[in-house]
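The exercises below are meant to be worked with the structure open beside the text. Try each task on your own before you read its solution.

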Amino acid sequence: MKIGLIGLGKMGYNLALNMMEHKHQIVAYDLDKNAVARLQNEGAEAAGSISEMVQKLDTPRIVWLMVPHGKPVENLIDQLMPMLSKGDIIIEAGNSHYKESIAHAERLESQGIHFFDVGTSGGMEGARHGACYMIGGDPEVFKTIEPVFRDTAVNKGYVYTGRAGSGHFAKMVHNGVEYGMMASIGEGFDILERSPFDFDFAEIARCWSNGSVIRGWLMELTESAFRADPRLKQIKGVMHSSGEGKWTVDEALDLGVPAPVIALSLMMRYRSEEDDTFNGKVVAALRNQFGGHAVDKA
Ligand SMILES: NC(=O)C1=CN([C@@H]2O[C@H](COP(=O)(O)OP(=O)(O)OC[C@H]3O[C@@H](n4cnc5c(N)ncnc54)[C@H](O)[C@@H]3O)[C@@H](O)[C@H]2O)C=CC1
Ligand SMILES: O=C(CO)[C@H](O)[C@H](O)COP(=O)(O)O
């Protein structure tokens with residue numbers, strides 16, 4: 001298949017290599033000209049603008065977006081709409097909010113353009129060597145684009161999830177689970193770190209990756225991180241977030257679903273971004289007020 005790929009960053013670049021390795025043709029566009037040139041060197045056709053990219057595609061044209069969610073996706077769809085025709089396809093494979101994807105699908109469908117919201121998992125390595133996809137959109141049209149997912153996914157790592165929005169909903173929940181699992185791994189190693197024993201964390205993670213109940217890719221990545229920096233002395237424990245964890249918690253609240261693990265892991269990310277907290281000052285001041293308990297001076 002011939003695919004117009006917009007967004008050649010950490011994910012888009014690796015997906016492009018994966019797609020080309022499976023004989024799909026890529027017409028590449030990015031705001032960053034160096035990113036386009038880099039992929040051109042790997043065999044992609046370069047486009048200097050979105051309209052040039054669209055002109056280079058076959059009908060029905062397939063455009064794959066791999067850019068940050070929110071305004072970049074919205075602006076690109078605004079730009080693409082007048083350039084595309086009935087029967088053309090836009091695949092949004094980044095982490096858009098599912099409600100925005102439903103709105104994009106409805107707007108594009110009014111012009112006969114098909115929209116697929118695709119949650120992509122597996123990070124950069126998955127993008128390069130075998131990703132995992134959750135795909136929402138028209139079931140009949142999906143069959144026409146299924147080969148690119150089959151070819152670039154790992155084993156059976158793709159699923160058609162249903163109508164527009166369902167792919168990004170599934171990916172949102174996936175990321176919520178990811179928050180909880182990583183928080184738990186972090187807490188476990190924190191307890192080991194403060195224990196009276198001198199554990200080799202890389203070795204513990206290696207052991208837990210082999211046959212244990214908690215084995216898995218995150219544990220393998222844990223080992224890899226400890227091999228590179230045995231006590232993680234080179235990085236701070238600041239855990240940024242991109243939004244999907246908050247969306248999962250918002251959704252759980254709206255649906256009345258108790259999801260304390262994911263919610264607390266999100267709160268811990270926010271807490272990690274603060275050196276000191278006003279909350280902590282208030283509690284310390286109150287303890288001091290009622291019980292004369294000592295406070296640490298600022
Ligand atoms: N990094 C990861 O592990 C994963 C990221 N994602 C999602 O995939 C999407 C892309 O993520 P990354 O590749 O990590 O981001 P990135 O920041 O590495 O790459 C984004 C690329 O999009 C380009 N870009 C931005 N706006 C553009 C526009 N209007 N026109 C053309 N190019 C534009 C940038 O120049 C950049 O090269 C995001 O939605 C992200 O949440 C999904 C799964 C995993
Ligand atoms: O989708 C992903 C992995 O599955 C992205 O890496 C995402 O950025 C992770 O979320 P956060 O940045 O909030 O940790």
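**Exercise 1.** How many nonpolar, polar and charged residues does the shell around ligand 1 have?

*Solution.* Keep in mind from the start that this is a predicted model. As a starting point, take the whole set of neighbours: 19 residues surround ligand 1, and the closest of them are Lys10, Met11, Asp30, Val67 and Asn95. Sorting the shell by class then gives nine nonpolar, seven polar and three charged residues.

**Exercise 2.** Find which residues place a polar backbone atom at 2.9 Å, 2.8 Å and 3.0 Å from an oxygen atom of ligand 1, and then state what share of the ligand the protein covers.

*Solution.* Begin with Lys10, where a polar backbone atom lies 2.9 Å from an oxygen atom of ligand 1. Go on to Met11, whose backbone offers a polar atom at 2.8 Å from an oxygen atom of the ligand. For Asn95, the distance between a polar backbone atom and an oxygen atom of ligand 1 is 3.0 Å. As for the cover, ligand 1 has 830 Å² of accessible area on its own, and the protein covers 76% of that area.

**Exercise 3.** Which residues lie around ligand 2, and which helix gives the largest share of its shell?

*Solution.* First list the neighbours, which are Asn95, Lys171, His174, Asn175, Glu178, Tyr179, Ser241, Ser242, Glu244 and Arg269. By class, this shell has one nonpolar, five polar and four charged residues. Next, look at where they come from: helix α8, which spans residues 166-193, contributes five residues, the largest share of the shell.

Now turn to the side chains. Glu178 has a polar side-chain atom 2.8 Å from an oxygen atom of ligand 2, while an N or O atom in the side chain of Tyr179 is 2.6 Å from an oxygen atom of the ligand. In the side chain of Arg269, an N or O atom lies 2.7 Å from an oxygen atom of ligand 2. Of the 360 Å² of accessible area that ligand 2 has on its own, the protein covers 70%.

**Exercise 4.** Is Phe278 buried or exposed, and which residues form a nonpolar patch on the surface?

*Solution.* Locate Phe278 in helix α13, which runs over residues 278-291. Its relative accessible area is 64%, and the cut-off for exposed is over 50%, so Phe278 is exposed. Finally, Phe278, Val282, Leu286 and Phe290 form a nonpolar patch on the surface, and together they have about 470 Å² of accessible area.

Technical notes. Residues are numbered from 1 along each chain as its sequence is written. Chains are lettered from A and ligands numbered from 1 in the order in which they are written. This is a predicted model: local features need pLDDT of at least 70, side-chain atom pairs count only at pLDDT 80 or more; totals for chains, interfaces and linings use all residues. Side-chain values use heavy atoms; hydrogens and water are left out. A residue is near a molecule or strand if one of its heavy atoms lies within 4 Å of it. A polar contact is a pair of N or O atoms within 3.5 Å; within protein, one must be able to donate a hydrogen and the other to accept it, and residues adjacent in sequence count only if both atoms are side-chain atoms. Accessible areas come from the Shrake-Rupley method with a 1.4 Å probe; for residues, only the protein chains shown count as cover. Ala, Val, Leu, Ile, Met, Phe, Trp, Tyr, Cys and Pro count as nonpolar, Asp, Glu, Lys and Arg as charged, and the others, Gly among them, as polar. Patches are made of residues with over 30% relative accessible area and no salt bridge: like charges are joined within 9 Å, nonpolar side chains (Val, Leu, Ile, Met, Phe, Trp, Tyr) within 5 Å. A salt bridge is a side-chain nitrogen of Lys or Arg within 4 Å of a carboxyl oxygen of Asp or Glu. Helices (H or I, at least four residues) and strands (E, at least two) are DSSP runs, numbered from the N terminus. Buried means under 20% relative accessible area, exposed over 50%, partly exposed in between (1.4 Å probe, protein chains only).
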